[in-house]
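Biologist: Hi, could you walk me through this one? I'd like to start with a ligand.
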Amino acid sequence: MTEQEYIQARRSEAWREELRKNMKAKERGDRPRVHMPELDAEYRSHTLKEEVNLGLSAEQAVYEAARCLDCANPTCMEGCPVNIQIPSFIKNIERGNFLEAAKVLKETSALPAVCGRVCPQEKQCEAKCIYIQKMKKEPVAIGYLERFAADYERESGQIAIPELAQPNGIKIAVVGSGPAGLSFSGDMAKLGYDITVFEALHEIGGVLKYGIPEFRLPNEIVDVEINVLRQMGVKFINNCIVGKTITYEDLHEEGFKGIFVASGAGLPNFMNIPGENLIGVMSSNEFLTRVNLMDASNPESDTPVQKGKKVAIVGAGNTAMDAVRTAKRLGAERAMIVYRRSEEEMPARIEEVKHAKEEGIEFHTLHNPVRYEGDENGRVQRMLLQKMELGEPDASGRRKPVPIEGATEWFDVDEVIVSVGVSPNPLIPSTFKGLQISKWGTIIVNQDTMQSDLADVYAGGDIVRGGATVILAMGDGRKAAAAMDKALKG
Amino acid sequence: MNKIVDKEYFSENVVKFEVEAPLIAKSRKAGHFVIIRVGEKGERIPLTIAASDLTKGTITIVIQAVGASSRKICDLNVGDYITDVVGPLGQATHIEKYGTVICAGGGVGIAPMLPIIEAMKRAGNKVISVLAARTKDLVILEKQVAEYSDEVIVMTDDGTYGHKGLITNGIEMVINREQVDLCVTIGPAIMMKFVSLLTQKYNIPTIASLNTIMVDGTGMCGACRVTVGGKTKFVCVDGPEFNAHEVDFDEMLMRLRAYN
Ligand SMILES: Cc1cc2nc3c(=O)[nH]c(=O)nc-3n(C[C@H](O)[C@H](O)[C@H](O)COP(=O)(O)OP(=O)(O)OC[C@H]3O[C@@H](n4cnc5c(N)ncnc54)[C@H](O)[C@@H]3O)c2cc1C
Ligand SMILES: Cc1cc2nc3c(=O)[nH]c(=O)nc-3n(C[C@H](O)[C@H](O)[C@H](O)COP(=O)(O)OP(=O)(O)OC[C@H]3O[C@@H](n4cnc5c(N)ncnc54)[C@H](O)[C@@H]3O)c2cc1C
Ligand code: SF4
Ligand code: SF4
Ligand code: FES
């Protein structure tokens, strides 16, 4: 059956036919898009761990689900990198069968509760919804609904553990426990493989734990997903750095027949401008790791973190938004985004920018730092900003920021968080001899199979893409699992 | 969870631990370090691997209590578990036959120097170890150092043991007397700065092992960054050893005070 036929077959199930007839398309189309209930902006800007989005109620979810037209040609699915059967899960919500909806999500996604929260839906599934494409209306809230179904299943306590094939005794190693590693592990465990995940840090979850803050993605949600994998027999070994604690050769000696490298993009970029090593200037990775992984703002934690009063974050991606909102929550009086392009080019999810603004974050677009100055103790005191304007489009297709000559401005700051991207973690590329590495330091793989030049090594996620997204990392994990399984079964 | 199998006080505030960590014991080389964490609210602390025992599957660390986290570790006892031990981290020391090598270790820096002394000796070098401490009780590991050194010179600030004077006085004494091909130094940043200034004067290649503040130890955060030869380097992955003459020690000293 082709994908299209499969979609049609499910669409033709009697209950769905029935459901479609229940309400006129016009009536569905006239409904306004649901609003996500959220914590009050002033309140939440002082509370570090409470989730901002509160989730839809069952009534809201059913009401929103009815907006979906159950299209014969669901274009929304083209926007989803893991091909979630979008109308199929949404229609299950509409008919009130929430657990079934969650099951549909789990067919293709290992972490629906995560993706429902952090996917850039406005660029992916929702961007392709017929509402926005043809009807000039707000798209169906696919992300909110996905989160609803996954949360419902978790809160019901009836989490479905996927059916597992007979154990085949074949040992597979996974390097890194971020979304790519987790989704790969889930798929391979289902197929009966004996999976061991090696993680360098003391916590499992990768960026989901050390990067994305709890006010956006509670740790508990990630832990539930990890526990499902544990129940499926996946073993997790923390504090173990592949390439250092154990080598590629050790893995062979221990009988591992395949290796999936999902080591992420850990290396923070700096701008190499004067004063960047002053005290108080740090990478967003350092700041977020201290707060999220080490719980540094908790008085009981031994790890310190600086709580600046005038904090500038350089950059405007998801990481920058997370850092600036965290700084605000730690007590900053002024928490500012400094970005060299305009608001339109900001790479962050639109919802995060909106939330940040509501929380009182200042946005200084078309500004770029050129130097920092410190006090006599070496603590950063002020930053010099160059004002920019937009010129011709550059290689990325975005208009290139160019300095306006002579237009500079000093800002007083006591903390600066540099969030201008990350580079791939160099450890695996430098210790697995025989991999092909791009000039950006990413591992080069076959796009269809995720297989590298070393026949038993597959790779996916940020180590292959540079900095990307959770869902793309997961998609890579799934693709690699399917291809490795095929190769091993010959 | 890694079990402590042996503990010994070198002085009131300097403790040696032997810890079960079979994989690390197997893969570590001179110059490598580990990151350890004690308790769920504990800090990640970098410590050099001073020795390892392959048959027992243990590593040895020597730690000086200087603040809350190092104190917490020193208070552990045989049979206790360290919550996390990860490593080996960093680049191993580059060992080859240089000729005459001065190994200048100050205070607790003598411990991480020990495996380097041993490796340098095994590579056929003439090893002159210069050990320095504030006072007699803080001179640690002298016997073990002597085992692999052609000569040991001890310096104390107060003259209670060995020669009275700073580590630099001891080094200069050797330089004035014979040809020195390499100097390796580990100790407080301020000490390494002055060792570096001295050997620069005499044009002796010098390696310093830097002990910056760290978080992850795997190149992910940049907390450990220093300026070396005008470029920013991450001590945990590019180091911890660097050409001392290129290190901006003043910046490093400043950054060590970030949380004081
Ligand atoms: C603050 C922040 C916010 C973000 N927000 C979003 C968002 O809202 N939406 C979105 O889609 N994306 C977001 N992203 C991006 C997204 O998190 C990443 O694209 C995704 O996590 C990549 O997954 P991964 O599995 O490739 O790697 P990672 O999640 O980076 O995991 C890699 C893991 O491998 C471990 N590791 C590395 N080397 C080794 C080794 N040698 N041995 C053992 N373990 C190793 C690392 O410690 C790490 O735990 C955000 C990223 C950050 C930093
Ligand atoms: C690669 C590396 C290897 C190391 N090896 C050893 C070792 O073998 N034995 C050992 O005892 N220590 C070693 N250190 C230093 C050790 O990590 C620190 O002493 C420890 O982190 C201090 O933590 P604390 O909470 O007890 O003290 P804090 O409360 O953090 O600091 C107390 C005092 O120590 C200073 N300090 C803080 N961090 C460091 C540091 N990294 N180095 C020097 N002074 C610091 C502070 O400026 C302050 O004055 C090493 C450090 C690095 C980076
Ligand atoms: S996984 Fe992401 S892109 Fe796919 S449907 Fe869900 S929210 Fe949309
Ligand atoms: S395109 Fe929109 S309306 Fe159509 S099936 Fe997808 S979500 Fe529903
Ligand atoms: S300690 Fe984090 S990069 Fe070195």
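Modeller: Happy to. A residue is near a molecule if one of its heavy atoms lies within 4 Å of it. This is a predicted model, where local features need pLDDT of at least 70 and side-chain atom pairs count only at pLDDT 80 or more, while totals for chains, interfaces and linings use all residues. Residues are numbered from 1 along each chain as its sequence is written.

Biologist: Great, so which residues surround ligand 3?
Modeller: Among them are A:Cys80, A:Cys115, A:Cys119, A:Cys125, A:Glu146 and A:Ile471.

Biologist: And how does that shell divide into nonpolar, polar and charged?
Modeller: There are 8 nonpolar, 2 polar and 1 charged. Ala, Val, Leu, Ile, Met, Phe, Trp, Tyr, Cys and Pro count as nonpolar, Asp, Glu, Lys and Arg as charged, and the others, Gly among them, as polar.

Biologist: Switching to chain B, which residues of helix 5 are buried?
Modeller: In helix 5 (residues 167–177) of chain B they are B:Ile167, B:Thr168, B:Gly170, B:Ile171, B:Val174 and B:Ile175. Buried means under 20% relative accessible area, with a 1.4 Å probe and protein chains only.

Biologist: Why are they on the same side of helix 5 of chain B?
Modeller: Because they cover an arc of only 160 degrees around the axis, taken from the directions from the helix axis to the C-beta atoms.

Biologist: What do they pack against?
Modeller: Strands 9, 10 and 11 and helix 6 of chain B; contact means heavy atoms within 4.5 Å.

Biologist: Is B:Thr199 buried or exposed?
Modeller: B:Thr199 counts as buried because its relative accessibility is 1%. B:Thr199 lies in helix 6 of chain B, and B:His245 is one of the residues that B:Thr199 touches, not counting residues up to four places away in sequence.

Conventions: Chains lettered and ligands numbered in written order. Heavy atoms only, no water. Buried < 20%, exposed > 50% of the residue type's maximum accessible area, 1.4 Å probe, protein only. Helix = DSSP H or I, 4+ residues; strand = E, 2+ residues; numbered from the N terminus.
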